[in-house]
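Please take a moment to look over the chain as a whole before turning to its parts. The paragraphs that follow go from the overall fold to the interior and then to a few single residues.

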Amino acid sequence: MNSTTPNTLILSGSNRDASHSLALATHVQQQLSARAQRSVLVDLRHLDLPFHDPINHHAPQDSGDQRVRDFARLAIGAAAYVWITPIYHGSLSGMLKNALDNLNIPIMSNKPVLLMAN
């Protein structure tokens, strides 16, 4: 892993400005930084990922959409994930679900995931 590759990829899945999810994501990133751990925080509001296209399912890193390619490559480089979401209708946000749909199982295999909801 090179110095620009995150140890942890933090995804904030709220579509609201000044959300509690983003505040929690920022706190998690600060705690990791205080422990000399690299991380990247992605506020999914600003990523503007398209709806998942099943044609990209087997290799999202080769998608025809640059946003999907960049996101997949960032996820591939992470050793762990923190997914933070508000609770909508008893589940995670559609924004976070779509981001995860734009990845695939091999990208996330054998990597720990911390799911935080508020």
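What radius of gyration would a compact globule of 118 residues have, and what radius does the protein have? The model is a predicted one, and in it the protein has a radius of gyration of 14 Å, which agrees with the value near 13 Å for a compact globule of 118 residues. Along its principal axes, the C-alpha trace spans about 40 × 35 × 25 Å. The accessible surface comes to about 6600 Å², and carbon and sulfur atoms make up 56% of that surface. Among the charged side chains there are 9 positive and 8 negative ones, and the centres of these two sets lie 9 Å apart.

The secondary structure consists of five helices and four strands, and, read from the N terminus on, these elements follow the order β-α-β-α-α-β-α-α-β. How the chain folds back on itself can be seen from its contacts: among those with a separation of 6 or more, 74% are made by residues 24 or more positions apart. Of the 118 residues, 41% count as buried, and it is to this interior that we now turn.

In soluble globular proteins, nonpolar side chains tend to be buried together. Here the largest nonpolar core has 18 residues, and those with the most contacts inside it are Leu9, Leu11, Tyr81, Trp83, Leu103, Ile107 and Met108. At least two residues of this core come from each of β1 (8-12), α3 (66-77), β3 (80-85), α4 (94-101) and α5 (105-108), and α3 gives the most, with four residues. A second, separate core has six residues, including Ile10, Ala25, Val82 and Ile84.

Three residues of the largest core help to show how its parts come together. Leu9 lies in strand β1 and counts as buried because its relative accessible area is 0%, where under 20% is required. Leaving out residues up to four places away in sequence, Leu9 touches Val40, Val42, Leu74, Ala75, Ala78, Ala80, Tyr81 and Val82. Its C-alpha atom is separated by 16 Å from that of Leu49, a residue 40 residues apart from Leu9 along the chain.

Trp83, also among the residues with the most contacts inside the largest core, touches Leu11, Leu96, Leu100, Met108, Val113, Leu114, Leu115 and Met116, when residues up to four places away in sequence are not counted. Two of these partners, Leu96 and Leu100, are buried in α4, as are Asn98 and Ala99. The buried residues of α4 pack against β1, α2, α3, β3 and α5.

Leu103 is found in the loop between α4 and α5, and with a relative accessible area of 3% this loop residue is buried. Not counting residues up to four places away in sequence, Leu103 touches Pro60, Phe71, Ala72, Ala75 and Met108. The C-alpha atoms of Leu103 and Gln29, which are 74 residues apart along the chain, are separated by 22 Å.

Is Asn56, a residue in another loop, buried or exposed? Asn56 is placed between α2 (44-47) and α3, and it counts as buried because its relative accessibility is 14%, which falls under the 20% limit. Apart from its neighbours within four places in sequence, Asn56 is in contact with Ser63 and Gly64.

Two further loop residues deserve a look for their backbone angles. Most residues other than glycine have a negative phi. His89, however, has a positive phi of about 55 degrees although it is not a glycine, and Asn110 likewise has a positive phi, of about 60 degrees, without being a glycine. His89 lies in the loop between β3 and α4, while Asn110 has its place in the loop between α5 and β4 (113-117). His89 counts as exposed because its relative accessible area of 85% is over 50%, and Asn110, at 82% relative accessibility, counts as exposed too.

Key: Residues numbered from 1 in each chain as written. Predicted model: local features only at pLDDT ≥ 70, side-chain atom pairs only at ≥ 80, totals over all residues. Heavy atoms only, no water. Rg over C-alpha atoms; globule rule 2.2 N^0.38 Å. Buried < 20%, exposed > 50% of the residue type's maximum accessible area, 1.4 Å probe, protein only. Contact = heavy atoms within 4.5 Å. Areas by Shrake-Rupley, 256 points an atom, 1.4 Å probe, with all protein chains shown as cover. Lys, Arg positive; Asp, Glu negative; His and termini not counted. Charge placed at Lys NZ, Arg CZ, Asp CG, Glu CD. Core = buried A, V, L, I, M, F, W, Y, C linked by side-chain atoms within 4.5 Å.
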